[in-house]
Amino acid sequence: MTEPRKPPVAPAAFTGEDMARRRRRSVALALVLAGLVVFFFVVTLVKTGPAILNRPL
Amino acid sequence: MSAAFETRTDGATLTSIGEARDFFALLKPRVMSLVVITAMAGMATAPGAVHPVIALAALLAIAVGAGASGCLNMWYDADIDELMSRTAKRPIPAGRVLPSEALAFGLTLSIGSVVVLGLVANLLSAAMLAFTIFFYAVVYSMWLKRWTPQNIVIGGAAGAFPPMIGEAVVTGDLGIHSIVLFAIIFLWTPPHFWALALVKAADYGRAGIPMMPNAAGPASTRRQIVAYSLAMAPVAVLPALMGFAGLAYLVVSVATGLVMVWLSIQVWRTTEGEAATKACYRLFGFSILYLFGLFAVLLVENGLGLMWALPKVIG
């Protein structure tokens, strides 16, 4: 049988170390997103090939 | 986005303090590296070729997909992971990543990797990646693992699919080459995993997981390890006999296959005390080297064109 859920307890405020860890995580996420931008750009160039320049001006 | 904290049923409050390395750990990087090398071998042995950038992009998608399934596995297994010494330090049981974060992370990467593979390669490879993730996260983790001692035998298929996905990326089809590579990994999984399960039987017993040593006993597990090794070693030679691997692969697969069988026999014969544990760890450690070695030679021979070709004996 599942135990009844106890009422939620408000979390303690993040410590300085917690905030630093969360900041490092955000930076890593930003770098991954930037990497994905480059990834999709390069893959699009390769998939489209020279035809990427073939458009009406 | 997940909340910054979560309340457990016992009232304890968990806060979101995981760093990038914790999320990376959720992807089971060591398993990912095996997936990458086996998928690369599938690509290299496939008849045909793709643009190197497309091959790299596809490999990234396959690796992330495999990582996502590992993440979903850790999310589902967090309750038993905290009971076992080998897994208690994983990010969720250690309290560094919230379960809801792991679930969101795993689902996002699963969907993203399948979509990307479909866009950069083809629908067949994307469908196979989706099936692999489903097989590992749902069929193995949620169903087989806690239900049958054949869990890692059947579930091992998930780890054996990457060469087939690799071939599908190149050809848009499935051929006999990647099916042989699938068979090698599939037959390799039981001796590899059960060598560890013999040592960690108490852990699995505490967590209530019916691994073969717990369900059928150590003696039966040892016999089955030898049987699977005896079946695996000749199958691992097939690439050389079928003409998609050369002399170097033939020599390496025969020599290391014999070592695998010999180490399995040592596990079977050595049943008591510290010597038995050492025999199990020797087999477990060598089995990793064995699979990496086979696929590395396949890659060098096919990917770099350094193959001393042999006459085709089969196929």
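Which domains does the domain assignment of chain B give? In this predicted model, where local features need pLDDT of at least 70, side-chain atom pairs count only at pLDDT 80 or more, and totals for chains, interfaces and linings use all residues, chain B is assigned domain 1 (1–174) and domain 2 (175–315), with bounds from an automatic or database domain assignment. Residues are numbered from 1 along each chain as its sequence is written, and chains are lettered from A and ligands numbered from 1 in the order in which they are written.

The centres of the two domains of chain B, taken over C-alpha atoms, are 22 Å apart. Contact (C-beta atoms, placed from the backbone, within 7 Å) involves 33 residues of domain 1 and 29 residues of domain 2 of chain B. On the domain 1 side, two or more residues each come from α2 (29–45), α7 (151–160) and α8 (162–171) of chain B, helices being DSSP runs (H or I, at least four residues) numbered from the N terminus. The most, 8 residues, come from α2(B).

The largest nonpolar core (buried Ala, Val, Leu, Ile, Met, Phe, Trp, Tyr and Cys residues joined through C-beta atoms within 7 Å; buried means 20 or more other C-beta atoms within 10 Å of the residue's own, placed from the backbone) has 97 residues. Those touching the most other members are B:Ala58, B:Ile62, B:Cys71 and B:Leu117. Helix α3 (residues 52–76) of chain B supplies the largest share of this core, 15 residues. Both domain 1 and domain 2 of chain B give residues to the core, so it lies between them. Not counting residues up to four places away in sequence, B:Ile62 touches B:Val35, B:Ala39, B:Leu117, B:Leu129, B:Pro162 and B:Ile165.

How values were computed: Two residues are in contact if their C-beta atoms, placed from the backbone, lie within 7 Å. A residue is buried if 20 or more other C-beta atoms lie within 10 Å of its own, exposed if 12 or fewer, and partly exposed in between; C-beta atoms are placed from the backbone.
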